[in-house]
Amino acid sequence: KGEKTSEMSTSVAIIIPCHNHGEYVGEAVASALAQTLPASEIIVIDDASDEPARRTCEALASGRVRVIRNEKNLGLSASRNRAIREAGSEAILPLDADDKLHPDFLRHALPVLESSPDVGWVYTDCTLFGSRDGFLEFPDYDLTLLLAHDVCLAPSLFRRRDWERVGGYDESFAIGQEDWDFWVSLAEKGLRGAHVSQRLYDYRQHSASMRSRSHKDIDVSAEKMWNKHKDFYERHAEAIWRYYVGRFYGGRPDAFRSESKISLLRRIARKLGLRT
């Protein structure tokens, strides 16, 4: 009994895709190496970076860090999928090359993943740094909220076998929201997210971040989500509609940008025979 601090029963691979983030990737790797519950594997996948970043990635290789390289740029989803295929561990923790993990991420997240087979992924709160300081504190898991919003960020712990069940990250989500699609795909299999209410990673803020770019194309992403998961969304359409109506007209602040999901909202309304 008691909290695990030096070993774990489930092996974990931390995978770090890097495309031209040579100035940051060393910090990401250092945070992976500094876990108080050590990862079984750390894999940096260089997604055809330019020469300076390529050399930086190569220099990170060690007895604990494996570096692999894509000869052409494949994108984030494909790079994650390749790294996961290369890994031999039972659980996976993705980490973007410009972000950092808190030393106790695995120590707190892994026991939650191991607590029940229906826990599909474990997500945490985070600290913002870089061009903007602050923090993000996410709500506890709720299926309706997940379908309405992309409220779980990339550094979330999941089982490799569940990644296989849903076919990995969908590589057609080239403009972002691949994480949202992945969590919804797991939920379709009857799995749920589990929230650890601690700020266990540092989320770098800068204009070139994937999340900043993807919100410009949120209607496209919402349309892709609806088309891919249409039956799932239709089964939960009334609950999602009630949630959205509460956010739009109930006077409650919406930290997760419901106004950005207009195309998804319109599809739900049409399913319910409503006018918007």
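**Salt bridges, core packing and cysteines in the predicted model**

Aspartate 104 and arginine 107 are joined by a salt bridge, with their closest N and O atoms 3.1 Å apart. Both partners of this pair are buried: aspartate 104 and arginine 107 alike. The model is a predicted one, and the structure contains 21 salt bridges.

Two further pairs lie within helices. In helix α6, which spans residues 160-165, aspartate 162 and arginine 165 are 3 residues apart, about one turn of the helix. Their side chains form a salt bridge with an N to O distance of 3.6 Å. The two partners fall into separate accessibility classes: aspartate 162 counts as buried because its relative accessibility is 3%, whereas arginine 165, at 45%, counts as partly exposed. Shared partners also link salt bridges into one network, made up of Glu51, Arg54, Arg55 and Glu58.

The other helical pair is found in α3 (residues 76-86), where glutamate 86 and arginine 82 are 4 residues apart and therefore separated by about one helical turn. The salt bridge between glutamate 86 and arginine 82 has its closest N and O atoms at 3.7 Å. Glutamate 86 is partly exposed, its relative accessible area being 30%. Arginine 82 is also partly exposed, with a value of 23%.

The largest nonpolar core comprises 80 residues, and the members that touch the most others are Ile14, Ile16 and Leu157. For isoleucine 14, contacts beyond the neighbours within four places in sequence comprise Ala32, Gln35, Ala39, Glu41, Ile42, Ile43, Leu93, Leu95, Leu101 and Leu106. Two of these residues, Leu95 and Leu101, recur in the surroundings of serine 31, which is in contact with Leu95, Lys100 and Leu101 when neighbours within four places in sequence are set aside. Serine 31 is part of helix α1, residues 25-33. With a relative accessibility of 8%, serine 31 counts as buried. A polar atom of the serine 31 side chain lies 2.7 Å from the backbone oxygen of alanine 28.

Helix α7 covers residues 178-188 and is mostly covered, with 10 of its 11 residues buried. The buried set consists of Glu178, Asp179, Trp180, Asp181, Phe182, Trp183, Val184, Ser185, Leu186 and Ala187. Acidic residues thus appear in this set, including Glu178, Asp179 and Asp181. After α7 comes glycine 190, which has a positive phi, near 90°.

A search for disulfides across the whole structure returns 0. Cysteine 18 takes part in no disulfide, although the sulfur of cysteine 57, the nearest cysteine sulfur, is 3.8 Å away. The relation holds in the other direction: cysteine 57 is likewise in no disulfide, and its nearest cysteine sulfur is that of cysteine 18, at 3.8 Å. The pair is not assigned as a disulfide because the sulfur atoms would have to be within 2.5 Å. Cysteine 18 counts as buried, at 1% relative accessibility. Cysteine 57 is buried too, with a relative accessible area of 1%.

How values were computed
Residues numbered from 1 in each chain as written. Predicted model: local features only at pLDDT ≥ 70, side-chain atom pairs only at ≥ 80, totals over all residues. Heavy atoms only, no water. Buried < 20%, exposed > 50% of the residue type's maximum accessible area, 1.4 Å probe, protein only. Helix = DSSP H or I, 4+ residues; strand = E, 2+ residues; numbered from the N terminus. Salt bridge = Lys/Arg side-chain N within 4 Å of Asp/Glu carboxyl O. Core = buried A, V, L, I, M, F, W, Y, C linked by side-chain atoms within 4.5 Å. Contact = heavy atoms within 4.5 Å. Polar contact = N/O pair within 3.5 Å; in protein donor to acceptor, adjacent residues only side chain to side chain.
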